[in-house]
Amino acid sequence: MSIVRYTLRRALTSVPVLIGATALTFGLVHLAPGDPIDVLVGFDHVDPATRASLRAEYNLDRPLWQQYLLWVRDVATLEFGESPITGRDVGPTVAGRLPHTIALGVSAWLLSLAIGIPAGIVAAVDDGGPADEVSRIGALVGIATPNFWLGLVLLFVFGVQLGWVRVTPPDAPLASLEMAWFMVLPTITLATALAAVVTRLMRSSMRRELEREYVRGARARGLRERTVLLKHALRNSLTAVVTVAGLQIALLLDGAVVVEQVFSWPGMGQLLVESISRRDFPVVQAVVLLIAVATIVANLLVDLAYAVIDPRIRHDR
Amino acid sequence: MALLEVDDLTVQFYTEDGVVRAVDGFSYEIERGETFAIVGESGAGKSVASLSLLRLIERPGEIVDGEIRFRGRDVLGFSQDELRQFRGNDAAIAFQNPEAMLDPVYTVGEQIVETMRAHDIATGEAARDRAISLLERVDIADPESAYTDYPHELSGGMAQRAVIATALSCDPDLLILDEPTTGLDVTIQAQLLETLTDLAETFDTAIQLVTHDLGVVADCCDRALVMYAGRAVERAPVEELFYDPSHPYTAGLLASIPRIGDGRDRLPAVPGSPPDLVQVPTGCRFHPRCPYAEDVCATRDPKLVELETGNPVPDGRRPDHASACHEHTGNLEGGLDYEVRIVDDRGNDSTDSSGQDGAVSDGLDGAESDGQTDDETAPDDPETGGDHGERSR
């Protein structure tokens, strides 16, 4: 099967998942207790006629499935409605926060891979030696450290005690040196646990590949040890790491919820927390949906990466 | 100076049950262009002996003693870089499981080219052309498409050929083939052997062929070494091995070859199974399975000796025919009670007791053997094709 057909096939299987995700996001708000009209009118007493007209205006008098389809139509055109709390459009509100979350997520993700993959390779090659032990202990500590605690400690030490960085984000554009400097601590906080997971996974995966016959075969052909390790064993080891690294993209958004609070980072995580406490459901809906879509896309990319790395996967079906 | 000289090679594996000597004091030589067989049952240490030549033994195994000289150079003394250049370039190997030897995520062509580049044989377009012509040389029907195939897309026979093409890519002087015909069906086996014989002649490459199949040995080998429980028990030119097997284990192996047109039920000619290498039998390692064993066999360990004189052979060299059995040092009272029956194609029968005690008796169930498996694997070997070296007991 060609890579194109494989891609199409995988993309098509994402459609039902997407439908499920939108239905859940939609249902979430309707499962929440209370009448949206109460929220709209600020829990004031209004006469039934006004209530009815408001219901009609927001299509709340229609059956649930029609409301769902209408909502899906709006969402598909990136029309998320307006927030009953702030009165602002939901779309721009979320979009304004998105770059901050992406910037933090991507830099944390890259940092964790940049640490985890080499550390895992070194540990696997060193198998049982001092470097392996150091990476084992480091990974254990990294996994066991809660990110909110790590964030607070880093802030306290480097922000309060040493005064090297600001405690809150500077008033500067996202793509500026000040901002980049400020992002160092939240990035480390968010990346630590993932780096630890990637290290362990890379090590075990590489270890398993190094036992395989083709590695001995590559040595028997007189290839350089660097080629044997980095061209042959590494590429075969990557499938497991790609799975986790891909799915971690979604987890990074979750992690951002906590880390953004600690660092007052104006991203989606902070927006989500604020909106939940304000019962600002359209915003919650939009953010949750965005996270769901990101997860689905990450999954799809993981599957495509598999097919690129391992030809057996694209030939197999 | 022979191309390859192996002296007293000893390889140990450290297992949970104890130390296993998979190869114990092995000595042999391979001349330039010669095809040399190492024969034995599975578990005898044949693969270990082959991997040792390229120092591919990994933990928990270790070469603990002996010398390997290739064109006079001390292989065990090579630096990592010398070793890398030696592997694949001077001596190349094809593993027992060919598909597993190639990396599943690169195409066959990429891996052949990569091997040539590692040894500065060819690069770019020249490397590609050479790879395709090599695939053609090993009789792959569609070399262009095999070049872009991934290992898993090839059949067993094709994978074996692709691995042999890879091994030949740097014009090695020695090609080590570990069970090249195992797992292939009989017609593919025959074709592959034909290809190999051709290649050995045109490339003037010496071959060390590891097999449990004496039919393969009869077909394409010059000399052979029979291995039992990590030891060499007999070493001889192939015709002599078939016409005059001088170790009871060799005779047993010959007797166990199945033959077409032989209606009798065959019992295993060598009863029992190879010994546990953690606790090898005392004396001769074969004595618990040997029908001719006497008291002396359980106490004294026979050395590889010259047949006539009973003198120990100097490491790895002549005489041509040597065997490790007390019979040849005169320590066996009863002697080896089997005889060779040679049947030519016209069915004429002649008996050759070949210097043994000669008395025809039935040491073992009247089991009989053939110098080679019949027509399907041995179409036209000039040495043994006309006759069937046959033993009866």
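These are my notebook entries on a predicted model with chains A and B.

**Entry 1: chain A**

I started with the secondary structure of chain A and found 13 helices and zero strands. Reading along the sequence, I noted α thirteen times in a row, with nothing else in the pattern. Next I looked up burial: of the 317 residues in chain A, 42% are buried. I then took the contacts in chain A between residues at least 6 apart in sequence, and 73% of these join residues at least 24 apart.

**Entry 2: the interface**

I asked how many residues of each chain take part in the contact between chain B and chain A. The count is 27 residues on chain B and 23 residues on chain A. Val105(B), Tyr106(B) and Glu114(B) supply 24% of the area that chain B buries against chain A, and no other three residues supply more. For the two chains together I noted a buried area of about 2400 Å², with 54% of it from carbon and sulfur atoms.

I then turned to the charged and polar pairs. The rule finds three salt bridges across the interface of chain B and chain A. I looked at one of them, in which the side chains of Glu58(B) and Arg219(A) meet at 3.5 Å, N to O. For polar contacts between chain B and chain A, I recorded 14 residue pairs, both residues at pLDDT 80 or more.

Which helices of chain B each supply at least two residues of the side that touches chain A? I found α3 (98–101) and α4 (108–118) of chain B. The element that gives the most to this side is α4(B), with four residues. I also sorted this side of chain B by class, and wrote down 14 nonpolar, six polar and seven charged residues.

**Entry 3: the sheet of chain B**

I traced an open sheet of eight strands in chain B, with mixed pairing and the order β6-β7-β8-β3-β9-β10-β12-β11. The edges are β6 and β11 (305–306) of chain B; each has a single partner strand, so one side of each is left without a neighbour in the sheet.

I followed the pairing inward from β6(B). Strand β6 (residues 91–94) of chain B pairs with β7(B) in the parallel sense, over four bridges. In this pairing I noted Leu177(B) of β7(B) as the bridge partner of Ala94(B). Between β7(B) and strand β8 (residues 206–211) of chain B I found five bridges, and these strands also run parallel. Here Leu174(B) has Ala206(B) in β8(B) as its bridge partner. Strand β3 (residues 35–39) of chain B pairs with β8(B) over five bridges, in the parallel sense. Ala37(B) has its bridge partner in β8(B), namely Leu209(B).

I went back to β7(B) for its burial. Strand β7 (residues 174–178) of chain B has five of its five residues buried. I checked each face of β7(B): Leu174(B), Ile176(B) and Asp178(B) are buried on one side, and Leu175(B) and Leu177(B) are buried on the other.

**Entry 4: Glu308(B)**

My last lookup was a loop residue. Glu308(B) is in the loop between β11 and β12 (322–323) of chain B. Is Glu308(B) buried or exposed? I recorded 71% relative accessibility, so Glu308(B) counts as exposed, the cut-off being over 50%. I also noted the spacing to His321(B), which is 13 residues from Glu308(B) in sequence and 9.6 Å from Glu308(B) in space, C-alpha to C-alpha.

Notes:
Residues numbered from 1 in each chain as written. Chains lettered and ligands numbered in written order. Predicted model: local features only at pLDDT ≥ 70, side-chain atom pairs only at ≥ 80, totals over all residues. Heavy atoms only, no water. Contact = heavy atoms within 4.5 Å. Buried area = accessible area lost by both parts, 1.4 Å probe. Salt bridge = Lys/Arg side-chain N within 4 Å of Asp/Glu carboxyl O. Polar contact = N/O pair within 3.5 Å; in protein donor to acceptor, adjacent residues only side chain to side chain. Nonpolar A, V, L, I, M, F, W, Y, C, P; charged D, E, K, R; others polar. Buried < 20%, exposed > 50% of the residue type's maximum accessible area, 1.4 Å probe, protein only. Pairing = 2+ DSSP bridges.
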